[in-house]
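Trainee: Please take a close look at a single part of this structure, and place that part in its surroundings. I should like one connected account.

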Amino acid sequence: TRKESSAASDVYKRQPQPRANIHVLLDNIRSLRNVGSVFRSADGAGVDHIHLCGFTPTPDHPKLAKTSLGAEESVAWTRYPDATTAAANLVEDGARLWAVEGGSAATSLFDAANLDDRDSSPIVLVFGHEVSGVDPRVAKLCERVVCLPMMGVKTSLNVSVAMGIAAYLLRFGR
């Protein structure tokens with residue numbers, strides 16, 4: 001029933017939220033649906049800010065709201081023409097950038113997510129183009145490269161799905 005659903009939602013809101021200051025940087029994400037889904041998941045996971053870079057669509061696009069369902073109104077966002085400049089500014093301001101992608105340099109996000117809760121530096125989850133990944137110039141500015149372990153034949157998840165998993169893991173732990 002509706003009442004039970006509301007009560008369950010209240011329980012989740014009362015759970016400890018150990019990691020504050022989670023940001024997301026999207027660089028050259030072409031899909032309106034993916035960006036809208038990122039906003040919706042970011043709202044649910046308590047992401048503080050989304051940095052939209054390159055040709056990534058912004059909430060100013062009228063069709064983005066179709067998948068974000070109003071979450072574009074509740075999550076702060078900023079648009080930057082260039083992800084490298086945005087990433088450099090975030091690092092200069094004390095943020096910790098984590099590129100989320102595969103490769104030999106990547107460690108499991110599940111291992112990396114054991115954070116010292118006393119460190120209040122924002123963690124910025126960096127996602128790159130759906131096909132080519134994180135721009136190497138941005139990756140050089142990242143403190144870590146993390147991945148979501150894959151058990152099937154595919155080597156990656158949809159960007160909005162990966163962002164949701166990563167943000168929830170950082171917010172609530174295992």
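Mentor: Two residues are said to be in contact when heavy atoms of one lie within 4.5 Å of heavy atoms of the other. With that term fixed, I shall turn to strand β1 and work outwards from there. Please keep in mind that the model is predicted.

The chain as a whole provides the setting. Its 174 residues include 42% that count as buried, and its secondary structure consists of seven helices and seven strands. Along the sequence these elements follow the pattern α-β-α-β-α-β-α-β-β-α-β-α-β-α. Of the contacts with a separation of 6 or more, 84% are between residues 24 or more positions apart. The accessible surface comes to about 9700 Å², and carbon and sulfur atoms account for 52% of that area.

The seven strands make up an open sheet, ordered β3-β2-β1-β6-β4-β7-β5, with parallel pairing. Because β3 (76-80) and β5 stand at the edges with a single partner strand each, one side of each is left without a neighbour in the sheet. In that order, β1 stands between β2 and β6.

Now to β1 itself. How many of the six residues of β1 are buried? Six of the six are, so the definition of buried, under 20% relative accessible area, holds along the whole strand. Side chains in a regular strand alternate between the two faces of the sheet. In β1, Ile22, Val24 and Leu26 point one way, whereas His23, Leu25 and Asp27 point the other way. Both sets are buried.

The pairing of β1 can be followed on either side. Strands of a sheet pair through backbone hydrogen bonds. With β6, β1 pairs in the parallel sense over five bridges, and Leu26 stands opposite Phe127 of β6. With β2 (residues 49-53), β1 is joined by five bridges, and these two strands also run parallel. Here Asp27 stands opposite Cys53 of β2. Between β1 and β2 the chain passes through α2, and the resulting β-α-β crossover is right-handed.

The loop between α2 and β2 contains Gly46. Gly46 is partly exposed, at a relative accessible area of 29%. Although 24 residues separate Gly46 from Ile22 along the chain, their C-alpha atoms are 7.7 Å apart.

What is packed around β1? One element is helix α7, whose buried residues pack against β1 (22-27), α2 (32-45), β4 (96-100), α5 (109-112) and β6 (123-127). Helix α7 covers residues 159-172, which is 14 residues, and spans 20 Å from its first C-alpha to its last, close to the 20 Å expected at 1.5 Å a residue. Ten of the 14 residues of α7 are buried, including Val159, Ala162, Met163, Leu169, Leu170 and also Arg171. Just after α7, Gly173 adopts a positive phi of about 75°.

The side chains of these elements come together in the largest nonpolar core, which has 29 residues. Within it, the residues with the most contacts are Leu26, Ile50, Leu125 and Phe127. At least two residues of this core come from each of β1, α2, β2, β4, α5, β6 and α7. The largest share, seven residues, is supplied by α7. Leu26 of β1 thus belongs to the group with the most contacts in this core, as does Phe127, which stands opposite Leu26 in β6.

Ile50 shows how β1 enters the surroundings of its partner strand. Setting aside neighbours within four places in sequence, Ile50 is in contact with Val24, Leu26, Val38, Phe39, Ala42, Val75, Ala76, Trp77 and Thr78. Val24 and Leu26 point the same way from β1. A second core, of 15 residues, lies apart from the one just described, and among its members are Cys53, Tyr80, Ala95 and Ala99. Cys53 is the residue of β2 that stands opposite Asp27 of β1.

The other end of the sheet completes the picture. β4 and β7 (residues 144-147) run parallel and are joined by three bridges, with Val100 opposite Val146 of β7. β5 (residues 107-108) also runs parallel to β7, joined by two bridges, and the bridge partner of Ser108 in β7 is Cys147.

Notes:
Residues are numbered from 1 along each chain as its sequence is written. This is a predicted model: local features need pLDDT of at least 70, side-chain atom pairs count only at pLDDT 80 or more; totals for chains, interfaces and linings use all residues. Side-chain values use heavy atoms; hydrogens and water are left out. Helices (H or I, at least four residues) and strands (E, at least two) are DSSP runs, numbered from the N terminus. The expected span of a helix is 1.5 Å times one less than its number of residues. Buried means under 20% relative accessible area, exposed over 50%, partly exposed in between (1.4 Å probe, protein chains only). Two strands pair if DSSP finds at least two bridges between them. A crossover is right-handed if, with the strands pointing away from the viewer, the path from the first strand over the helix to the second runs clockwise. Accessible areas come from the Shrake-Rupley method with a 1.4 Å probe; for residues, only the protein chains shown count as cover. A nonpolar core is a set of buried Ala, Val, Leu, Ile, Met, Phe, Trp, Tyr and Cys residues joined through side-chain atoms within 4.5 Å.
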